[in-house]
Each structure stands twice: as structure tokens, then as C-alpha cells.
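Trainee: I would like a close look at a single part of this structure. Please take one residue to begin with and then work outwards.

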There are 2 protein chains.
Amino acid sequence: MVEYAKRMENVKASDIRELLKITDRPGMISFAGGLPAPELFPVERLKDVMVKVLESSGADALQYASTEGYAPLRLKIAERMNSRYGTCLTEDNILITCGSQQGLDFTGKIFLNEEDVVLCESPTYLGAINAFNAYRPRMIEVPTDNDGMLLNELEHILDTADNIKLVYTIPDFQNPSGRSWSQKRRQGFMELMAGRDIPVVEDSPYSELRFDGDMLPSLKSFDKDGNVIYLGTFSKVFCPGMRIGWVAAEKKILEKYVLIKQGADLHSAGITQRNVSMYMDMFDLDEDISMIRSVYKKRRDAMYNAICEEFPKGTRFTYPQGGLFTWVELDGEIDTRDLLAECLEHNVAFVPGESFFPNGGGKNTMRLNYSNMSEDKINEGIKLLGGIIRKKLQ
Amino acid sequence: MVEYAKRMENVKASDIRELLKITDRPGMISFAGGLPAPELFPVERLKDVMVKVLESSGADALQYASTEGYAPLRLKIAERMNSRYGTCLTEDNILITCGSQQGLDFTGKIFLNEEDVVLCESPTYLGAINAFNAYRPRMIEVPTDNDGMLLNELEHILDTADNIKLVYTIPDFQNPSGRSWSQKRRQGFMELMAGRDIPVVEDSPYSELRFDGDMLPSLKSFDKDGNVIYLGTFSKVFCPGMRIGWVAAEKKILEKYVLIKQGADLHSAGITQRNVSMYMDMFDLDEDISMIRSVYKKRRDAMYNAICEEFPKGTRFTYPQGGLFTWVELDGEIDTRDLLAECLEHNVAFVPGESFFPNGGGKNTMRLNYSNMSEDKINEGIKLLGGIIRKKLQ
């Protein structure tokens with residue numbers, strides 16, 4: 001038997017990705033994944049885009065390329081961010097990554113020694129927990145309410161815990177909770193972090209998918225110290241199969257990400273970077289995003305209404321103003337892992353919430369995705385799910 | 001100032017990639033990179049391939065996908081390896097990675113604790129040194145001759161050094177030396193490693209690019225213990241801008257790579273994986289490889305003959321039987337870093353050999369690439385280079 005590094009003890013299969021293998025089977029109504037709606041992918045347009053990329057870039061698109069990424073795409077990303085989020089970035093602040101998952105892994109690699117502390121929302125994104133775990137940190141969960149991290153709790157932890165090396169946040173339509181931070185909380189958070197020299201990760205895959213209300217400024221836009229590291233991606237507003245995400249950070253910090261990317265995979269595929277860039281030249285990505293928003297909004301409504309109707313009285317759940325997920329807290333008697341086993345037999349699936357608590361807990365919670373299912377299926381699936389839950393509580 | 005993890009002290013910019021930024025300028029004759037010849041990339045054919053992928057796979061090609069990779073491509077890779085290298089693999093032994101560089105990074109992450117020992121050839125591939133360095137190992141260089149690692153030296157190290165967790169090898173047309181291991185040395189090496197429970201990495205990006213003689217069996221084909229981890233890539237036989245490589249290993253070991261890939265970037269782009277697979281369905285990749293081989297062979301000949309002609313008597317250099325590089329040892333007086341500075345002024349570039357020795361040394365060596373330059377330019381560049389060297393020795 002070969003011997004593995006100690007860190008491998010901490011590296012486990014993602015529950016969600018293992019679950020997705022089961023929920024792939026025909027007939028299953030799955031609220032488990034975090035998949036965008038594939039019927040909205042611009043398949044036909046991409047044929048023209050890809051041909052055009054090869055016509056205009058030729059062999060350059062297929063050769064080794066710079067680690068930082070394709071410059072015109074980095075420029076477009078900087079400009080989009082500046083116009084939407086109140087940031088002040090240039091292409092030199094942008095590194096292209098293989099989805100924002102790669103940005104999470106690099107963040108762990110750059111900042112975390114064994115036993116260092118990461119602060120995160122409670123619950124938080126499973127993919128971030130998995131990425132950070134390989135660097136063997138201790139994760140401290142900051143209690144949250146509907147408006148984001150509770151600042152007095154955060155302040156107490158900041159003042160009392162040692163070796164805090166990172167604060168990990170998802171301010172917009174959080175995965176898994178579907179909640180968003182209020183403007184006031186964003187400001188207060190950044191004031192609290194000021195002068196502490198602790199990097200803040202703003203993981204922001206869903207921010208453009210707002211259904212209700214106005215877009216709020218990003219944490220990065222309040223970033224006077226230059227310590228906010230913004231992770232973006234085209235996976236939810238374009239298509240995930242291109243694997244194009246980015247890190248936006250001050251140059252000094254970004255340099256570290258570039259070095260790590262060099263050793264990790266040299267650079268992201270030139271061809272897919274150019275596809276995304278060319279798509280934005282040839283078509284109006286914002287129009288596509290509007291379409292995605294309007295479809296998801298209807299699905300959010302369908303799911304919300306169905307839960308109101310079908311789930312037992314007293315169930316708590318979020319009304320997400322955007323994004324892909326809602327979050328349900330059931331009666332404390334119910335363990336959603338047991339519930340899932342039963343639900344899979346009835347061809348309906350979700351993710352048990354426990355996976356999103358790095359230190360355990362949340363046994364009565366579940367994450368439900370609405371972006372990947374038609375309104376009819378949402379109604380059918382939630383009815384099924386509600387029935388099973390009610391029966392369990394009888 | 002934010003604080004970085006200790007490992008960042010070990011992570012440095014790759015000399016080559018930094019150098020490539022300079023050698024990009026017009027008029028430069030660069031033997032520095034390891035770039036394939038872009039004029040051989042099948043740009044026109046890829047237009048048809050990409051359209052066909054979108055026609056046949058549609059939105060599936062653009063959605064999130066399995067971490068292991070696109071099954072038909074994994075099957076093709078296993079079958080190609082079995083027919084060429086005498087291995088006995090199925091698709092379940094294959095994980096698709098973002099180039100073989102990602103396989104190197106994952107290898108470090110899976111096997112190396114701080115201060116663990118990696119054995120490697122001396123000199124060895126800079127990209128591997130960079131990838132492993134992030135995990136803070138100690139590298140012990142095994143002396144080599146024209147036939148590979150010296151087995152008595154290797155045996156001595158295996159018997160005396162503690163904490164050896166990995167042996168890293170490039171048996172075919174090694175980067176940087178251009179040398180290949182003889183069949184006898186391959187067998188002897190695997191006999192020596194038998195029963196030791198130490199994983200062996202066989203990094204094999206160039207093995208299909210043999211100009212002279214017969215293809216030799218891979219180390220993986222002698223792998224009775226199941227400890228050989230083979231890293232392959234389409235970068236040198238197709239095009240690097242797709243960033244499609246793979247890890248081939250026994251299932252128990254491969255599982256660890258899959259877990260690490262999950263946390264690192266979820267999966268490689270579905271669209272580029274399908275492009276490679278579809279290309280192999282629609283066209284004869286082996287014919288392309290024959291063409292690449294015949295072009296590179298001429299360039300190898302041009303470079304070899306020019307060096308014989310233009311470099312000072314007594315210079316030692318390899319006659320590579322395949323791959324992209326030759327390796328030159330100059331008179332001991334010459335420091336090739338100083339030489340490079342002078343050469344850049346005269347618009348000719350190479351990589352100083354020192355970068356390929358993880359523990360320093362090789363100041364009088366250089367790596368020369370011949371795949372990326374026409375025969376005329378090779379003649380012109382080597383003449384220029386030879387002139388500068390001769391002048392330095394006067």
C-alpha cells in the first residue's frame with residue numbers, strides 16, 4: 001500500500017456530487033444539484049462563435065498561452081464588474097480560472113497553514129468547505145440572520161480567536177441558504193474588517209441573477225484596504241461546461257494566484273476563454289441573463305408557492321430574491337438524511353443541509369434547487385416531498 | 001499586509017514562463033519555450049469538429065459534468081495506451097485533467113507532506129519542480145546517464161534515505177535533456193521499485209513523438225504492484241490550448257486524484273473534452289502525429305547539424321530520438337544565465353539549464369527547443385548562438 005499525505009484524511013467526496021450520480025436516473029425529480037437550466041444554453045449561437053474564434057484567432061487559440069488569461073476577456077470582466085458592482089478594476093486585477101471552484105482551492109493554498117482559522121457563514125457552501133479542507137484549517141461558523149453575518153458575533157470571534165487567516169462570504173443569494181446580505185450589513189461588515197489585514201473572499205456566482213429589488217454593491221466596492229478577493233464565474237449566467245471563472249483582486253494578492261495557477265495547470269484553455277469573449281462580442285450577454293432571470297423567477301415563485309401549500313405548518317424557509325436555491329428548516333424531529341433515503345425511493349431528491357455546516361449540525365435542514373426543473377415538475381416534486389414529510393410527522 | 005501560508009515561500013515564478021514574455025517579441029529566434037509547431041494545428045478541421053459536438057451533444061456539452069471526465073474520451077485514451085504501451089487499462093483507470101501539469105500538482109497534493117522526499121532525474125522538468133514545491137518536499141536528484149537513472153545510485157538512495165514518498169520520471173525524450181531510458185533500464189528500474197510501496201510517476205508527454213527506432217514499453221506496462229501513475233496529455237500530439245491531459249492509475253490511487261479534482265475545479269471543460277474525442281472520431285489522429293513527427297525530425301536534424309557546425313569543439317549535447325528538446329553542456333567557464341542576457345540583446349533565446357536542477361548546479365547547461373522554429377531559423381539562431389559562445393571563450 002502506498003502512503004498518502006496527511007491532508008488526504010480531510011478530503012472527502014462531495015455529498016452533492018455523489019448524490020448527483022443517483023439523481024441522474026430517468027424519472028427522478030431532483031432539487032439536489034445546483035445546475036443551471038440547460039434549455040437556456042445558447043447552443044446554436046455557440047456554433048457561430050466557435051467557428052469565428054478559429055477564423056479570427058487561428059492557431060493562437062490552440063497554442064500555450066499566458067497564465068493570467070486571455071487579455072480581452074479579462075478586460076471585459078473588469079469593465080462589467082466596474083459597471084455593476086462599483087469596483088475600480090483593470091484587466092491586471094483579473095486572473096482567469098477553471099470555474100470559481102479553482103479560485104476557492106487556490107485561496108486555501110495561498111493563505112492556509114494547517115490549523116489556521118477560516119471564518120464562514122453558517123451554513124456555507126459545501127464546495128468551499130471541500131476546497132479548504134485539503135489545507136486542514138479549522139472553520140469557525142459565524143451565525144447569520146436574513147441580512148447576513150451577525151456583526152456582533154463576528155466581532156466577538158475576530159477579537160477572541162487566534163490565527164484567523166480568511167473570512168469566506170457569499171453575500172448574494174447564498175448557497176445553500178438563498179439569503180442575501182443587506183446593504184447596511186455589507187457596509188458594517190467592511191467597517192469591522194477594516195485595518196485587520198485579514199483577506200475576505202467574496203464568492204459571487206449568483207449576483208447577476210437577481211429577480212426582485214435593486215442590485216446591491218459588492219463587498220469589493222467597499223474595499224479600501226485591498227483585501228477583498230472576489231470570485232466570479234460564467235457558469236451560472238452563460239454555461240458551466242466552459243469552466244471559465246475568475247479571481248479579481250489587488251495586484252499584490254493576484255500575483256500569488258497567478259504563481260499558484262502556473263504550478264497548478266499553466267493556464268485555462270485558450271479556446272474556451274475566447275469562446276466566452278467572442279460570445280460577448282457577437283451577442284448581448286445581458287439579454288441572455290435577463291431571460292435566465294425571468295425563467296428562474298417563475299421557478300422560484302412556483303417552488304415558494306408549492307412549499308407554502310404542501311409543507312407542514314411551522315416549516316421555515318427562505319424567499320430568495322435571486323440565485324438558484326431555497327433553504328428549508330423542518331421540524332426538529334426530522335433527520336433529512338433519513339428523509340432523503342425515503343424520498344429517493346419515491347423519485348424525488350434534495351441535498352440534506354448537514355453537509356453545509358463544516359462543524360456538523362443542521363440535521364433538520366435541506367437545500368432545494370429550482371433552476372433546473374420546470375414549474376410543473378417543481379409542483380409535482382414539492383407535493384411529493386411535502387407528503388412524505390407530513391407522513392413522517394404523523 | 002495580509003499573511004500568506006508558509007508554502008508560498010517555496011512558490012516561485014517559472015523562469016521559462018517569465019522568459020516567454022520577453023521572447024514573444026518580434027524578430028526573436030526563441031529556442032526557449034516548449035511550444036509545439038502551431039502551423040500543424042488542425043484549425044480548419046476543428047471548425048467542423050466543434051459544430052458537430054454541439055449538434056450531437058447539444059446542451060450536455062455545456063452543462064456541469066462528472067469529475068472523472070467524458071467517458072468516451074476516457075475509453076479512447078485507455079485503448080490507445082493499451083495498444084501502444086502494453087498497458088491493461090479501462091476507462092475506470094483514467095481521470096481527465098487540465099493538461100498533465102494538473103496531474104503533477106495533484107500528485108504533490110496527494111502524496112507529499114512537508115519535508116517528504118521526492119526522487120527525480122538530474123536534471124528534471126521545471127514544471128514538476130514548481131508543482132511539487134508548493135508542498136515543500138525535499139528533492140533528491142538521482143544521477144542519470146544516456147540510458148536513464150543510474151540504478152546503483154538509485155538503489156543506494158532508496159536504501160539510505162528516509163521518507164521517500166515519490167519517484168518522478170520522464171522516460172521518453174526527457175524534458176530538458178532529450179534523453180530516453182533504454183528498455184533494459186526500464187525493466188531494471190521497475191524490478192528495483194518492486195515491493196517498495198513507493199508511487200512512481202511516469203510523466204509521458206512526448207512518447208508518441210519518436211523519430212528513430214522503436215517505441216519502448218512504458219514503465220506502467222511493467223507495473224505489477226499497481227504503483228505507477230502515468231501522466232499523459234494531448235498538448236504535444238494535438239494542441240495545448242484545449243488543456244486536456246490525463247492521469248492513468250490503478251483505481252484505488254485514481255480515486256484520490258478524483259477527490260482532489262473535485263475540490264480543485266469540479267471537472268475539466270466538457271466542451272474541450274468532447275472536441276478531442278470527436279476529432280478522434282472524425283479524423284485520424286495517428287496520421288497527424290506522423291506528420292508532427294516528420295516535421296520535428298527535420299528540425300531535430302537541422303539543430304543537431306547546426307550545433308555540430310557552430311558550437312565550440314568539446315561541447316557536449318544530446319541527439320534526441322524524439323520529443324522537443326536537446327540539451328547542451330558548454331565549457332565549465334560559461335554561466336548560461338549571463339550568456340542568456342547577452343543572447344537576448346542579439347535576439348536569440350534559450351533556457352539556462354540551472355532551472356532544471358532542483359538543488360542547484362548545471363550553470364554551464366542549456367535547453368534548446370527545436371519544435372517551434374523553421375529549419376532556416378534554427379540554422380540562423382544556432383549560428384548566432386554559436387558565435388556568441390565562441391566569442392565568450394576567446
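Is Phe106(B) buried or exposed, and what is its relative accessibility?

Mentor: The model is predicted, so every value below is computed from predicted coordinates. Phe106(B) counts as buried, because its relative accessibility is 1% and the cut-off for buried is under 20%. The residue lies in helix H4 of chain B, which covers residues 99-111. Leaving out residues up to four places away in sequence, Phe106(B) touches Tyr257(B), Ile260(B), Lys261(B) and Ala264(B). Contact here means heavy atoms within 4.5 Å. A position further along the chain can also be far away in space: Phe222(B) is 116 residues from Phe106(B) in sequence, and their C-alpha atoms are separated by 23 Å.

Another phenylalanine of chain B can be read in the same manner. Phe189(B) lies in helix H7, a helix that spans residues 183-193. Its relative accessibility is 0%, so Phe189(B) counts as buried. With residues up to four places away in sequence set aside, Phe189(B) touches Met149(B), Leu151(B), Leu154(B), Val167(B), Thr169(B), Trp181(B), Val200(B) and Leu219(B). Take Leu151(B) from that list: Leu151(B) and Phe189(B) are 38 residues apart along the chain, yet their C-alpha atoms are separated by 6.6 Å.

The loop that runs between strand S6 (164-169) and helix H7 of chain B holds Pro176(B). A cis peptide bond joins Asn175(B) to Pro176(B), with omega at about 15°.

Next comes a proline with neighbours in both chains. Pro36(B) is found in the loop between strand S1 (29-30) and helix H2 (43-57) of chain B. At a relative accessible area of 2%, Pro36(B) is buried. Apart from its neighbours within four places in sequence, Pro36(B) is in contact with Gln63(A) and Tyr64(A) from chain A. From chain B, its contacts are Phe41(B), Ser235(B), Lys236(B), Pro240(B), Tyr296(B), Ser371(B) and Asn372(B). Asp265(B) is 229 residues from Pro36(B) in sequence, and the C-alpha to C-alpha distance is 26 Å.

Those contacts with chain A lead to the relation between the chains. Two copies of a chain are related by a rotation about an axis and a shift along it. Here a turn of 180° and a shift of 0.0 Å along the axis lay chain A on chain B with an RMSD of 0.0 Å. The two copies are therefore related as by a two-fold rotation axis. Within chain A, Met50(A) has the C-alpha nearest the axis, at 3.5 Å from it. Both copies use the same surface, as 100% of the contact residues of chain A recur in chain B.

Chain A also has some backbone details to look at. Ser122(A) and Pro123(A) are joined by a cis peptide bond with an omega of about 0°. Pro123(A) is in the loop between strand S3 (117-122) and helix H5 (126-133). After H5, the loop leading to strand S4 (138-145) contains Arg136(A). Arg136(A) is not a glycine, but its phi is positive, at about 55°. Its relative accessible area is 17%, so Arg136(A) is buried.

Asn163(A) also has a positive phi without being a glycine, with a value near 60°. The place of Asn163(A) is the loop between helix H6 (151-160) and strand S6 (164-169) of chain A. Asn163(A) is partly exposed, because its relative accessible area is 45%.

Last, the whole of chain A. Its secondary structure comes to 12 helices and 14 strands. Buried residues make up 65% of its 394 residues. Among contacts with a separation of 6 or more, 76% are between residues 24 or more positions apart. A compact globule with 394 residues would have a radius of gyration near 21 Å, and chain A agrees, because its own value is 21 Å. Along the principal axes, the C-alpha trace spans about 65 × 55 × 55 Å. The accessible surface comes to about 14,200 Å², and 45% of that belongs to carbon and sulfur atoms. Chain A has 47 positive and 58 negative side chains, with the centres of the two sets 1 Å apart.

How values were computed: Residues numbered from 1 in each chain as written. Chains lettered and ligands numbered in written order. Predicted model: local features only at pLDDT ≥ 70, side-chain atom pairs only at ≥ 80, totals over all residues. Heavy atoms only, no water. Helix = DSSP H or I, 4+ residues; strand = E, 2+ residues; numbered from the N terminus. Rg over C-alpha atoms; globule rule 2.2 N^0.38 Å. Buried < 20%, exposed > 50% of the residue type's maximum accessible area, 1.4 Å probe, protein only. Areas by Shrake-Rupley, 256 points an atom, 1.4 Å probe, with all protein chains shown as cover. Lys, Arg positive; Asp, Glu negative; His and termini not counted. Charge placed at Lys NZ, Arg CZ, Asp CG, Glu CD. Least-squares fit on C-alpha atoms with pLDDT ≥ 70 in both.
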